[in-house]
Amino acid sequence: MSKKIEVKNLVKIFGSKPKLALKRLKDGWSKDKILNTTGQTVGVNNASFSVDDGEFFVIMGLSGSGKSTLIRCLNLLNMPTSGEVIVDGEDIVKFDKKQLREFRQKKVAMVFQNFGLFTHRTLLGNVEYGLEIRNIDKDKRQQIALETLESVGLKGWEYKKPTELSGGMQQRVGLARALANDPDILLMDEPFSALDPLIRRDMQVELLEIQSKLKKTIVFITHDINEAFKLGDRVAVMKDGKIVQQGNPEDILNNPSDEYIEDFVKSIDRTKVIQAKNIMRKPNALVSMKDGVRVAIKEMQANDISSVFVVGEKMKLEGIVTIDDCVEAVKNKQSSLKDLLRHDYYKTSEDEYIEHLLENATKSRYPIVVVNDDNRLLGIIVRTSILSGLLPSNSDTETISF
Amino acid sequence: MNTFPDFFQFDPGIYVEALVRWLTINFQGFFDALTTIIKWVVFNTQDVLTFIPWFLFILLIFLLGWKLKSLKSGLGYAVMITLVGLIGLWDEMIFTLSIVITSVILSIIIGIPIGIYSAYNQRLEGLMKPLLDGMQTMPSFVYLIPAMIFFGLGTVPAVFATIVYSTPPCIRLTSLAIKRVPEEMREAAYAFGSSRWQALIKVELPQAMPTIMAGINQTTMLAMSMVVISSMIGAKGLGENVLIAINRTDIAMGFNSGISIVFLAIIIDRVTQMISQKYEHV
């Protein structure tokens, strides 16, 4: 994948003497010491990261960690004190006024925490704002705005004012306003933080749907680790203006780079982050349809298990047989497995989160089987691996591994 | 011991006086130009107002009150303005109104741009603050003196003094309104690539409008009170009648012109207030 955004050694200092503070920062002074001696606030301290085209990149941190400052450097609402912000190969920091306006009009759009809607305009007026600024003619921009409003589920509300809407609906308008411009990049500054939990979940799902359809490059800010891990292809964790760790959610969860992230990770609901593919393993025993009952019994005895999955050609899952059925079959002189196949096991895809597997794992007598879209067996999940997957750090899981 | 020592006396007034005289001599052209502009606006406004027949004027006031508020208000205002006519002060009322309208128009033209600019520019705002405080708290009579020196007697100095007295709330509230536009809304405007001008016209001013209108309402009311006072330097209108009544200790005449001013003030206040309410959108 090609790099869409590349941020290199970005520093943002607020105050009247940024040069001095920058020098101190390079000399290795701490953020607090700089604030106390020079009165300058270091917002972002030497941040570097890149975002691929079409990637969902989440920046997570507590309030005051500099994440909102950082995202505002990506469309120059905040002018970086030093460093580069390269978008599609061009350093936007070097843009002149006209280039910057064009960049903001066409390439990047922003969604705000408190929506930032224009309360004096109707929803339609809000959504067409970006197009209006670009001098697109009235009929065309209204048509685009109407379509975009419909796509976020606000058909019939076009001529209402934003204040007449609930928070969730207002943020849909915020999203529609950003999408109407058809930007490559969506910057989302804690867009769901002001919403209540149920609505937040709906919006998250909807955003993922939109993302899979439109393939925008998204930079998303949040302070909620569950949200970060649910949405992000990759996550960067910020602290005191620095990026302390970045990687995919699984990496961060299992290899937190320092105590700060460990604390963060502790608070996460792991059932919502860990997927079937993270905890499934290759089955110790498998039998093929061509094998007979006796092979099945042997396999089960060798591995000390009471049931075994049966696969056909190319690992296609056929069913499961139990030791009792097999022994019975031998007594009745049956040798084919076909009649013994049972299908009352639970089947799942590799992207399923454990939260949805928990109940079935406790109910089912058999391990959960993981298959792909073609019904090919990828692995199995036994109850113990779900439990170990839920334990916080990987040092603990190793002691209980089976 | 308890009195302030004589030999420490300082008289700032003479410097101001020197400044005013210096301005009069060196900026005669400027004041002449100003006189022309003010005269042009006042007399045109007056022409328009006197061109409207009295019954049509009453009807207009009624419709304004009715459309903006309610039938009852419309009727109330119509009765008030009719009473002014019955008292016999119609022409004076029209003249006072035209001075008020002129002053307000010029105050807005001066006040709103300064207000907008000082919202963006902290240094200008720092300079404006004490100046505006001074302009508002200085007894209004004091303005009459330099106004008289610059422009002589009559309508023009009255308008000038009225503008000086009534512009501060317009500047102040415009500046406040622009600064109060939520930061995220401003950011949103810029994030979509607005120029400064577009952000001002399409987002900041519409957002600021209710507060700016409240400022204009205040400006209008201050102008109304100043117009009466400025009759002391020869402005015609209702104030002149008050002045004459004072000189003659004529209670009846004092009451008649006083109540006419009250009626006019009420109507102007309500109408501008209702216009500003039309801009409320939050």
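So, Phe115(A): this one sits in the loop between β6 (108-111) and α5 (123-127) of chain A. Keep in mind, everything I show today comes from a predicted model. What is the phi of Phe115(A)? About 75 degrees, a positive value, although Phe115(A) is not a glycine. For background, most residues other than glycine have a negative phi. And is Phe115(A) buried or exposed? Buried, with a relative accessible area of 10%; the cut-off for buried is under 20%, so Phe115(A) qualifies.

Now step along to the helix that ends that loop. Asn126(A) lies in helix α5 of chain A, and at 0% relative accessibility Asn126(A) counts as buried. What does Asn126(A) touch? Leaving out residues up to four places away in sequence, the list is Leu117(A), Phe118(A), Arg121(A), Pro162(A), Val173(A) and Arg177(A). Val7(A) is another story: it is 119 residues from Asn126(A) in sequence, and the two C-alpha atoms are 31 Å apart in space.

Okay, zooming out to chain A as a whole. We have 18 helices and 16 strands here. The radius of gyration is 27 Å, whereas a compact globule of 402 residues would come in near 21 Å. If you prefer a box, the C-alpha atoms fill roughly 90 × 55 × 35 Å along the principal axes. Of those 402 residues, 50% count as buried. On contacts, take the pairs in chain A at least 6 apart in sequence: 65% of them join residues at least 24 apart.

The surface of chain A next. Its accessible area is about 19,400 Å², and 47% of that belongs to carbon and sulfur atoms. For the charges, chain A carries 59 positive and 58 negative side chains. How far apart are the centres of those two sets? They lie 4 Å apart.

Over to chain B. What is its make-up in helices and strands? There are 12 helices and 0 strands, so to speak α after α from the N terminus on. The C-alpha box for chain B is roughly 65 × 65 × 45 Å, again along the principal axes. Of its 282 residues, 48% count as buried. For contacts between residues at least 6 apart in chain B, 76% join residues at least 24 apart.

Chain B exposes about 14,900 Å², with carbon and sulfur atoms supplying 70% of it. The charges here are 17 positive and 17 negative, and their mean positions are 7 Å apart.

A few places in chain B to click on. Start with helix α9, residues 183-191, which is mostly covered: 8 of its 9 residues are buried. Which ones? Glu184(B), Met185(B), Arg186(B), Glu187(B), Ala188(B), Ala189(B), Tyr190(B) and Ala191(B). As a reminder, an α-helix has 3.6 residues a turn, so residues three or four places apart point the same way. Just after α9(B) comes Gly193(B), and this glycine takes a positive phi of about 90 degrees.

Next, Ile108(B), which is found in helix α5 of chain B, residues 90-120. At 23% relative accessibility, Ile108(B) counts as partly exposed, because buried would need under 20%. Leaving aside neighbours within four places in sequence, Ile108(B) is in contact with Pro113(B), Cys170(B) and Ile216(B). Pro169(B) is 61 residues from Ile108(B) along the chain, with 10 Å between their C-alpha atoms.

That brings in the cysteines. Cys170(B), one of those partners of Ile108(B), is buried at a relative accessible area of 2%. In chain A, Cys326(A) is buried too, at 0%. How many disulfides does the structure hold? Over all chains, 0.

Last stop, Thr249(B). Look in the loop between α11 (238-248) and α12 (251-278) of chain B. Phi of Thr249(B) is near 40 degrees, a positive value in a residue other than glycine. Buried or exposed? Thr249(B) is exposed, with a relative accessible area of 69%; the line for exposed is over 50%, so Thr249(B) clears it. Put that beside Phe115(A), where we started: a positive phi there as well, but in a residue that is buried.

Key:
Residues numbered from 1 in each chain as written. Chains lettered and ligands numbered in written order. Predicted model: local features only at pLDDT ≥ 70, side-chain atom pairs only at ≥ 80, totals over all residues. Heavy atoms only, no water. Helix = DSSP H or I, 4+ residues; strand = E, 2+ residues; numbered from the N terminus. Rg over C-alpha atoms; globule rule 2.2 N^0.38 Å. Buried < 20%, exposed > 50% of the residue type's maximum accessible area, 1.4 Å probe, protein only. Contact = heavy atoms within 4.5 Å. Areas by Shrake-Rupley, 256 points an atom, 1.4 Å probe, with all protein chains shown as cover. Lys, Arg positive; Asp, Glu negative; His and termini not counted. Charge placed at Lys NZ, Arg CZ, Asp CG, Glu CD. Disulfide = S-S within 2.5 Å.
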